[in-house]
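Colleague: Before I use terms such as "buried" or "edge strand" in my report, I should like to understand how each of them is justified. May we go through the model together?

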Amino acid sequence: MKYLKATITLEYSDVKTAKAIAKAVSPDNLTVPVGLQIITVSDDCKVVTDIVCEKKMVTFIATVDDLLFNVSVAEKALKIMA
């Protein structure tokens, strides 16, 4: 079966921020449609998300877009709290 795959790595200035971002976006990964897999982890100062999609290209692109939007919201929230 054909599938689309992406690994998105975001780097932050400190481990605390990376962990907070990973925790903020991870709940979105708990319930995903069949044929879609999303795993987000923090690794030192990085947040790494692996996406595997067995669905259409539009689903894959929407998933990446949703992830980046949620990361952006989390980053803004952390900035306001600092």
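Modeller: Let us begin with one pair of residues: Gln37 stands opposite Val52 in S3. Please keep in mind that this is a predicted model.

Colleague: How do you know that S2 and strand S3 are paired?

Modeller: Two strands pair if at least two bridges are found between them. Here 8 bridges join S2 to strand S3, residues 46-53, so the requirement is met. The two strands run antiparallel. In general, strands of a sheet pair through backbone hydrogen bonds, either parallel or antiparallel.

Colleague: In what order do the strands of the sheet lie?

Modeller: The order is S1-S3-S2, in an open sheet of 3 strands with antiparallel pairing.

Colleague: What makes S1 and S2 edge strands?

Modeller: Strand S1 (4-11) and strand S2 (36-43) each pair on one side only. On average, neighbouring strands of this sheet are turned by 10° against each other, direction ignored.

Colleague: Which helices lie against these strands?

Modeller: Helix H1, residues 15-25, lies across S2 and S3 and runs at about 160° to S2. H2 packs on the sheet and touches S1, S2 and S3, with its direction at about 15° to that of S1.

Colleague: Why is Thr63 called buried?

Modeller: Buried means under 20% relative accessible area. Thr63 has 11%, and therefore counts as buried. Thr63 is located in helix H2 (residues 57-81). Apart from residues up to four places away in sequence, Thr63 touches Leu36, Ile38 and Ile51.

Colleague: Why is Leu4 called partly exposed?

Modeller: The relative accessibility of Leu4 is 25%. Partly exposed covers the range between the buried limit of 20% and the exposed limit of 50%, so Leu4 belongs there. Leu4 is part of strand S1. With its neighbours within four places in sequence left aside, its contacts include Ile51, Val52, Cys53 and Phe60. The C-alpha atoms of Leu4 and Glu54 are separated by 6.5 Å, although these residues are 50 apart along the chain.

Colleague: What makes Asp44 an exposed residue?

Modeller: Exposed means over 50% relative accessible area. The value for Asp44 is 58%, so the term applies. Asp44 is found in the loop between S2 and S3. Its phi is near 60°, a positive value in a residue other than glycine.

Colleague: Are Cys45 and Cys53 buried or partly exposed?

Modeller: Cys45 has a relative accessible area of 21%, which is not under 20%, so Cys45 is partly exposed. Cys53, at 0%, is under that limit and is therefore buried.

Colleague: How many disulfides does the structure hold?

Modeller: The structure holds 0 disulfides. A disulfide is a covalent bond between the sulfur atoms of two cysteines. To be counted, a pair of cysteine sulfur atoms must be within 2.5 Å.

Colleague: Which residues touch the most other members of the largest nonpolar core?

Modeller: Of its 17 residues, these are Tyr12, Ile21, Val47, Ile51, Phe60, Leu67 and Val71. The elements giving two or more residues to this core are S1, H1, S2, S3 and H2. H2 gives the most, with 5 residues.

Colleague: What does Tyr12 touch, leaving aside its neighbours within four places in sequence?

Modeller: Tyr12 is in contact with Thr17, Ala18, Ile21, Cys45, Val47, Val71 and Glu75.

How values were computed: Residues numbered from 1 in each chain as written. Predicted model: local features only at pLDDT ≥ 70, side-chain atom pairs only at ≥ 80, totals over all residues. Heavy atoms only, no water. Buried < 20%, exposed > 50% of the residue type's maximum accessible area, 1.4 Å probe, protein only. Helix = DSSP H or I, 4+ residues; strand = E, 2+ residues; numbered from the N terminus. Contact = heavy atoms within 4.5 Å. Axes fitted to C-alpha atoms, helices over the stretch in contact; angles between N-to-C directions. Core = buried A, V, L, I, M, F, W, Y, C linked by side-chain atoms within 4.5 Å.
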